[in-house]
Amino acid sequence: MKRTVAVVSAGLRLPSSTRMLADRLADAVRRELERLGAEVDIELIEVRDHAHDLVNNLLAGYPSEELERVQDTVRRADALVAVTPTFSASYNGMFKMFVDALDDTALVDKPVLVAATGGTGRHSLVLEHALRPLFSYLHAVVVPTGVFAAPEDWGVGDAAQGSLPHRIDRAAGELAREVDRRDPPAPADPYDDPTPFERLLGGA
């Protein structure tokens, strides 16, 4: 059975620790789903690549074709891995814009793994105080283990080599099992979300 996992990374720079964590989580989720017998497609979304479209969507009220394609990727995915840097003890503004731009029902009952990076381990509470409440509000199914990576997690030594990989594997296993017990999302009906008449007139 084929499964699709959307991986959203909201880092501001390339390369970034946020993208590094997203890649490691994606690899771990793929490995766990393949172990359960699934064929896996990973769809990586760099939010920074859609920053201008997100602002325009906020102002105009409807997405560009490219942003709509990305939103559809999230909507159709079997699961979501969401990774953000920590700004002022919360997710960054671009990450929130991306989530705000999604349809209200896009994440309902969807398995989600939340993760974050930050300049110090003290920011790890962002997982429980900001990310988990956000996705719970959107009626997603957030797996128990969130993953936070501080600078010391990328270093050398037993602590860096053991703690972060263990948390990644545990979270990936939880997400894979949640996906495995569910039927794939039903194909979208193209007539469920017609283009508003006002938008048609605006494009004329």
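1. Is Asp78 buried or exposed? Asp78 is buried, at a relative accessible area of 9%. This is a predicted model, and the points below should be read with that in mind.

2. The partner of Asp78 is Arg3. The two form a salt bridge, with the closest N and O atoms 3.1 Å apart. Arg3 sits in strand E1, while Asp78 sits in the loop between H3 and E3, so the pair ties together parts that are 75 residues apart in sequence. Arg3 also counts as buried, at 3% relative accessibility. The cut-off for buried is under 20%. Both values fall below it, 3% for Arg3 and 9% for Asp78.

3. Salt bridges overall. The structure holds 16 of them. Side chains of opposite charge can pair when their charged atoms come close. Three further cases follow.

4. Helix H4. Lys96 and Asp100 join in a salt bridge at 2.8 Å, N to O. Both residues belong to helix H4 and lie four residues apart, about one turn of the helix. Lys96 is partly exposed, with a relative accessible area of 26%.

5. Helix H5. Arg132 and Glu128 pair through their side chains, again in a salt bridge, at 2.8 Å from N to O. They are four residues apart in helix H5, so about one helical turn separates them. The burial of the two partners is worth checking on the model. Arg132 is buried, with a relative accessible area of 16%. Glu128 counts as partly exposed, at 38% relative accessibility.

6. A network. Asp109, Glu178, Arg181 and Arg182 are linked by salt bridges into a network.

7. The largest nonpolar core. This core has 35 residues. Val74, Leu80, Phe95, Phe98, Leu107, Leu131 and Phe135 are the ones that touch the most other members. Six elements each supply at least two residues of the core: strand E1 (2-9), helix H3 (65-76), strand E3 (79-87), helix H4 (93-101), strand E5 (111-117) and helix H5 (126-137). The largest share, six residues, comes from H5. Another core lies apart from this one. That second core has 26 residues, including Val5, Ala28, Ala38 and Ala79.

8. Leu80 in detail. Which residues is Leu80 in contact with, leaving aside its neighbours within four places in sequence? They are Ala6, Val8, Leu107, Lys110, Pro111, Val112, Leu113, Phe135 and Leu175. Leu107 and Phe135 are on that list, and both are among the core residues that touch the most other members.

9. Cavities. How many cavities of 30 Å³ or more does a search of the whole structure find? The search finds two. The largest cavity contains about 40 Å³ of space. Its lining is made of Val8, Leu80, Ala82, Phe95, Phe98, Val99, Leu102, Leu107 and Phe135. The lining divides into nine nonpolar residues, no polar and no charged. E3 and H4 each supply at least two lining residues, and H4 has the largest share with three. Leu80, Phe95, Phe98, Leu107 and Phe135 appear in this lining and also among the core residues that touch the most other members.

10. The second largest cavity. Its volume is about 30 Å³. Val99, Leu102, Asp103, Asp104, Leu107 and Leu138 line it. Four of the lining residues are nonpolar, none polar and two charged. Val99, Leu102 and Leu107 line this cavity, and they line the largest cavity too.

11. The second largest pocket. The pocket has a volume of about 190 Å³. Its lining residues are Gly11, Leu12, Arg13, Ser16, Ser17, Thr18, Pro85, Thr86, Phe87, Thr117 and Gly118. Helix H1 (17-35) and E3 are the elements that give two or more residues to the lining. E3 gives the most, with three residues. By type, the lining divides into three nonpolar residues, seven polar and one charged.

Definitions and conventions:
Residues are numbered from 1 along each chain as its sequence is written. This is a predicted model: local features need pLDDT of at least 70, side-chain atom pairs count only at pLDDT 80 or more; totals for chains, interfaces and linings use all residues. Side-chain values use heavy atoms; hydrogens and water are left out. A nonpolar core is a set of buried Ala, Val, Leu, Ile, Met, Phe, Trp, Tyr and Cys residues joined through side-chain atoms within 4.5 Å. Buried means under 20% relative accessible area, exposed over 50%, partly exposed in between (1.4 Å probe, protein chains only). Contact means heavy atoms within 4.5 Å. On a 1 Å grid over the protein atoms alone, a cavity is a set of points where a 1.4 Å probe fits but cannot get out, and a pocket is an open set with protein on both sides within 12 Å along at least five of seven lines; lining residues have an atom within 4 Å of a point. Grid points are joined across faces, edges and corners, and a volume is the space filled by probe spheres set on the points. Ala, Val, Leu, Ile, Met, Phe, Trp, Tyr, Cys and Pro count as nonpolar, Asp, Glu, Lys and Arg as charged, and the others, Gly among them, as polar. A salt bridge is a side-chain nitrogen of Lys or Arg within 4 Å of a carboxyl oxygen of Asp or Glu.
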